[in-house]
Amino acid sequence: MTEQMGLRALEQRLERELELVAFNRPQWVRPRQFEGEDVLDVAVIGGGQCGLATAFGLRREGVTNVMIFDESLAGFEGPWETYARMVTLRTPKTLTPLDFGVPSLTYQAWWEAQNGAASWAALDKIARGDWMAYLRWYRHALDLPVVNEAKLVRIEPVPGEALHRLHFADGTSELARKVVLATGIQGGGEWHTPAMVRDNLPKALWAHTSEPIDFAALHGKRIGILGGGASDFDNAHFALSQGVEAAEVFIRRSQLPRVNPIRFMEKVGFAARYPALDDATKYAAMDCFLGHNQPPTNDTFARAASWPGFHLHTGAPWLDVAEHNGLVRVTTPHGHHEFDFVVISTGLISDPALRPELAEVADLIARWGEVVTPKGPRNALIDAHPYLGDGFEFCARQGVDGAPLHGLFAFNYSALISLGLSASALSGLHLALPRLLRSIADQLFLDDKDVLVEEFLAYDDPEFVGEWPLPETGDAA
């Protein structure tokens, strides 16, 4: 069976399965116009895995006037072929986050259609490039509506209309009733770069792991990597595979992190039931979670450590960074190190105030630091997160008019504290999507409830047409 024939047969089976479960429900949302302009029921910002699955899942809710907008070129949405540099995904291959229970939409079905069941059984983890190929197929097979090269720069609430005008970098705009920010791990804030790096070095000498990095141009050079998370070892391995002479990783801890709390959360239902916890318990749980840092997978560490040019410095926080004779001089408690280039992987900060597209509403959004008093010490990273409702909707600060926030959903990593391992984390996406979709559909229904209830009360289309006594047929003997 060729690859093309396998996928064609799979797509035919997928179409049949969607028919059998009546996945595509009739549209019930009333069309809306504003000043003669058509209005989208839902605009999804981000065409990666979260955005695609959101648009598809809304079909089951009977919400079809939906459009996805992504700033990337078609086929390059999300991190997988931009800044993600791991060889394989870190999650188990058996996760089914995007299929909504439709067998032919799973990654396993896609893989087996091209490579067979035996190949799937032999597969350990999903290769990063294969996952991106699956997402491209997912978009194609479901015929999802995506506008590429559409970078959102501003969300403008339309006063008194429960609408949002979306302004894009190319000067175009769209009106939408609901806006889902499916903008990934960095979509709720920004990647963190220490001031000592940002202020002391010219940009030509450093980059964050979230940026495109031309490692091939660093062939034969020495690079330093700051951070102890999984992506540091991904970048070290990738750099060395591109011909970098040496890649040295620096972490402030005396030992690498070893415990991955996500595995516990997956096993005992913690991830699924996390939203039911009270706020103080959520705060304590996430304070613990953020304190662990995510360790590299064993295979990722082994790949990086196997290179002759790899070195790991533990107990080695960067005390100072400076340019010295065209190189980067890094000072740690153990002395000086010089590199041709340094790579920064120091996590991210989630705060709506950091997002340009939210500039007009950020001051209205409630933060965890304002709403929740923890049982223990405060955590500045937690406090800056938006305090979200049960369906990923932004909530207003106490005492302010929250009307401009109505219809805005943060389906990105900034939802971590409010809703746990949800948007952006593959291990939690199958739990998060039903919650988000129900919330969007409920809002649309309640926004139109007066019209819908009025139409219901006036509804009198007859369904039963029988008569009694039975009418004479004229055939009596």
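This is a short tour of the structure in your viewer, going from the whole chain to a helix, a pocket and a surface patch.

**Whole chain.** Keep in mind throughout that the model is predicted. Start with everything shown as a cartoon: the protein chain has 16 helices and 19 strands. Along the principal axes, its C-alpha atoms fill a box of roughly 110 × 65 × 45 Å. The chain has 477 residues, and 49% of them are buried.

**A buried stop.** Next, select residues 230-241, which form helix α7, and pick out A236 within it. Is A236 buried or exposed? A236 is buried, because its relative accessibility is 0% and the cut-off for buried is under 20%. Now add F168 to your selection and draw a distance between the two C-alpha atoms: A236 and F168 are 68 residues apart along the chain, and the separation is 36 Å.

**A pocket.** Move on to the second largest pocket, with a volume of about 360 Å³. Its lining consists of 15 residues, and you can centre your view by selecting R258, P295, P296, T297 and N298, the closest to the pocket centre. Colour the lining of this pocket by class and you should find six nonpolar, five polar and four charged residues.

**A surface patch.** For the last stop, switch to a surface view and select V453, F456 and L457, which make a nonpolar patch of about 350 Å². L457 belongs to helix α16, residues 449-458. Why does L457 count as exposed? Its relative accessible area is 67%, and exposed means over 50%.

Note on methods:
Residues numbered from 1 in each chain as written. Predicted model: local features only at pLDDT ≥ 70, side-chain atom pairs only at ≥ 80, totals over all residues. Heavy atoms only, no water. 1 Å grid on protein atoms, 1.4 Å probe; cavity = no way out; pocket = protein on both sides within 12 Å on 5 of 7 lines; lining within 4 Å. Points joined across faces, edges and corners; volume = space filled by probe spheres on them. Nonpolar A, V, L, I, M, F, W, Y, C, P; charged D, E, K, R; others polar. Patch = residues over 30% accessible without salt bridge, like charges linked within 9 Å, V, L, I, M, F, W, Y side chains within 5 Å. Areas by Shrake-Rupley, 256 points an atom, 1.4 Å probe, with all protein chains shown as cover. Salt bridge = Lys/Arg side-chain N within 4 Å of Asp/Glu carboxyl O. Helix = DSSP H or I, 4+ residues; strand = E, 2+ residues; numbered from the N terminus. Buried < 20%, exposed > 50% of the residue type's maximum accessible area, 1.4 Å probe, protein only.
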